[in-house]
Amino acid sequence: MEEMYNGVEMLVDLARRYPELWKEIDRQCTGNRERYGLLCEILLTGEKERCEDVVAKIYRYGSMIGRQDLLGRQIFLWLLQVMRENGE
């Protein structure tokens with residue numbers, strides 16, 4: 001899960017450089033607080049959480065994305081990439 005933490009740091013760095021990113025995530029998730037909360041859980045994964053639980057959350061997040069939600073899809077693809085690089 002070390003790779004996931006590094007990936008989260010990259011996303012946080014992007015958010016610092018592009019503050020509109022979080023505003024857009026919040027705007028798109030306003031209609032789906034469950035999905036927004038799940039994304040926050042994934043991004044704030046603790047060391048004690050099992051990899052299987054995080055993987056399940058990532059796929060659950062992906063299942064909540066609508067067809068027109070390009071930002072949600074991009075975040076999901078990013079999460080999958082971090083997961084694959086980590087060998088999950």
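**Exercise 1. Find the partner of Glu34 in a salt bridge, and say which parts of the chain the pair ties together.**

Step 1. Let's start with the rule: a salt bridge is a side-chain nitrogen of Lys or Arg within 4 Å of a carboxyl oxygen of Asp or Glu.

Step 2. Glu34 pairs with Arg60, and their closest N and O atoms are 2.4 Å apart.

Step 3. Glu34 sits in helix 3 and Arg60 in helix 4, so this bridge ties together parts that are 26 residues apart in sequence. Helices here are DSSP runs (H or I, at least four residues), numbered from the N terminus.

Step 4. Now check the surroundings. Buried means under 20% relative accessible area, exposed means over 50%, and partly exposed is in between (1.4 Å probe, protein chains only). Glu34, at 48%, is partly exposed, and Arg60, at 40%, is partly exposed too.

A quick note on what you're looking at: this is a predicted model, where local features need pLDDT of at least 70 and side-chain atom pairs count only at pLDDT 80 or more, while totals for chains, interfaces and linings use all residues. Residues are numbered from 1 along each chain as its sequence is written, and side-chain values use heavy atoms, with hydrogens and water left out.

**Exercise 2. Count the salt bridges and describe the pairs made by Arg35 and by Glu41.**

Step 1. The rule gives three salt bridges.

Step 2. Arg35 meets Asp69 at 2.6 Å, N to O. Arg35 is in helix 3, while Asp69 is in the loop between helix 4 and helix 5, so to speak a link between distant parts of the chain, 34 residues apart. Both of these residues are buried.

Step 3. Glu41 bridges to Lys57, with the closest N and O atoms 2.9 Å apart. Glu41 belongs to helix 3 and Lys57 to helix 4, so the pair ties together parts that are 16 residues apart in sequence.

Step 4. Glu41 is partly exposed, with a relative accessible area of 41%, whereas Lys57 is buried at 18%.

**Exercise 3. Which residues does Lys57 touch, leaving aside residues up to four places away in sequence?**

Step 1. Contact means heavy atoms within 4.5 Å.

Step 2. On that basis, Lys57 touches Leu38, Glu41, Ile42 and Glu49.

**Exercise 4. Work out how the buried residues of helix 4 are arranged.**

Step 1. Check the length. The expected span is 1.5 Å times one less than the number of residues. For the 13 residues of helix 4 that gives 18 Å, and the end C-alpha atoms are 19 Å apart, which agrees.

Step 2. List the buried residues of helix 4: Val54, Lys57, Ile58 and Tyr61.

Step 3. Look down the axis: these buried residues fall within an arc of 100° (taken from the directions from the helix axis to the C-beta atoms), so they line one face of the helix.

Step 4. Turn to the face pointing away from the buried side, and you meet the exposed residues Glu52 and Ser63.

**Exercise 5. Which element gives the largest share of the largest nonpolar core?**

Step 1. A nonpolar core is a set of buried Ala, Val, Leu, Ile, Met, Phe, Trp, Tyr and Cys residues joined through side-chain atoms within 4.5 Å.

Step 2. The largest one has 19 residues, and those with the most contacts inside it are Leu39, Ile58, Tyr61, Ile75 and Leu79.

Step 3. Two or more residues each come from helix 2 (20–29), helix 3 (33–43), helix 4 (51–63) and helix 5 (70–85). Helix 5 gives the largest share, eight residues.

Step 4. Zoom in on Ile75: leaving out residues up to four places away in sequence, Ile75 touches Ile25, Leu39 and Tyr61.
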